[in-house]
Amino acid sequence: DVYKRQLQYELGGARSAAVRGAEKRRSAVVVSAAERAHRIRTEVMVVHDAVVAARQRVGLAQKAIALANETLDAEQANFLAGRSTTYSVLDRQAEVVDSERALARAVADYHQTVARLDTLTGDLLEHHGVELIAQ
């Protein structure tokens, strides 16, 4: 009877140690999942802000092109009136090209940030009309 009790105690101690170990591992997994969820939420907020900023840069680049074209038109009028040089007209043309390049970069940045946001939120396939069929 004494041996039986001793065996039960030993088994009970091993069982409680295993339970404590499993509980620690479970709490570590729960903490890890919570940390990942927090990181994803934070990244979504940051990327969302980047999408908004990229959209604003596109609008500003469009305004810069319009302004550069107006400046070019004025410079060409001054050249035709004899109040400007060929160099100044070429300089204004370069500003138009630079503005158009900035718009292209802003549009590319916008689409990249939208794709990143779609990837984080899981909407990437849906926004491109791709439907997954479960088998």
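**Figure 1. Glycine 122, just past the end of helix α2.** In this predicted model, glycine 122 follows α2 and has a positive phi, near 85 degrees. The helix before this glycine, α2, runs through residues 86–121 of the chain, as its label in the core view also shows. With 36 residues, α2 reaches 53 Å from its first C-alpha to its last, close to the 52 Å expected at 1.5 Å a residue.

**Figure 2. The whole chain, for orientation.** Welcome to the full fold: the chain has three helices and zero strands. Following the sequence from start to end, you meet the pattern α-α-α. Of the 135 residues in the chain, 16% are buried. The accessible surface is about 10600 Å², and carbon and sulfur atoms hold 59% of that area. Among contacts with a separation of 6 or more, 67% join residues that sit 24 or more positions apart.

**Figure 3. The buried residues of α2.** Take a walk along this helix and look for the residues that are tucked away from the surface. The buried residues of α2 include Ser88, Val89, Arg92, Val96 and Ser99. Further along α2, Leu103, Ala106, Asp109 and Thr113 are buried too, and so are Leu117, Asp118 and Leu120. A general point helps in reading such a list: an α-helix has 3.6 residues a turn, so residues three or four places apart point the same way.

**Figure 4. The largest nonpolar core.** Five residues make up this core: Val58, Ala61, Ile65, Leu103 and Ala106. Helix α1 (2–80) and helix α2 (86–121) each supply at least two of the core residues, and the largest share, three residues, comes from α1. Which residues does alanine 106 touch, leaving aside those up to four places away in sequence? The partners of alanine 106 are Ala54, Arg57 and Val58. As a general rule, nonpolar side chains tend to be buried together in soluble globular proteins.

**Figure 5. A salt bridge between glutamate 43 and arginine 116.** The chain has seven salt bridges in total, and this view shows one of them. The side chains of glutamate 43 and arginine 116 meet with N and O 2.0 Å apart. Glutamate 43 belongs to helix α1 and arginine 116 to helix α2, so their pairing ties together parts that lie 73 residues apart in sequence. Are these two residues buried or partly exposed? Glutamate 43 is partly exposed, with 31% relative accessibility, and arginine 116 is also partly exposed, at 36%.

**Figure 6. Arginine 92 and its salt-bridge partners.** Here the side chain of arginine 92 meets that of glutamate 75 in a salt bridge of 3.5 Å, N to O. Arginine 92 lies in α2 and glutamate 75 in α1, so this pair ties together parts that are 17 residues apart in sequence. Both ends of the bridge are covered: arginine 92 counts as buried at 15% relative accessibility, and glutamate 75 counts as buried at 14%. Arginine 92 also forms a salt bridge with aspartate 91, where the closest N and O atoms are 2.8 Å apart. Aspartate 91 is partly exposed, with a relative accessible area of 29%. Which residues are joined into one network by salt bridges that share partners? The network consists of Glu75, Asp91, Arg92 and Glu95. In general, side chains of opposite charge can pair when their charged atoms come close.

Conventions
Residues numbered from 1 in each chain as written. Predicted model: local features only at pLDDT ≥ 70, side-chain atom pairs only at ≥ 80, totals over all residues. Heavy atoms only, no water. Helix = DSSP H or I, 4+ residues; strand = E, 2+ residues; numbered from the N terminus. Buried < 20%, exposed > 50% of the residue type's maximum accessible area, 1.4 Å probe, protein only. Contact = heavy atoms within 4.5 Å. Areas by Shrake-Rupley, 256 points an atom, 1.4 Å probe, with all protein chains shown as cover. Core = buried A, V, L, I, M, F, W, Y, C linked by side-chain atoms within 4.5 Å. Salt bridge = Lys/Arg side-chain N within 4 Å of Asp/Glu carboxyl O. Expected span 1.5 Å × (residues − 1).
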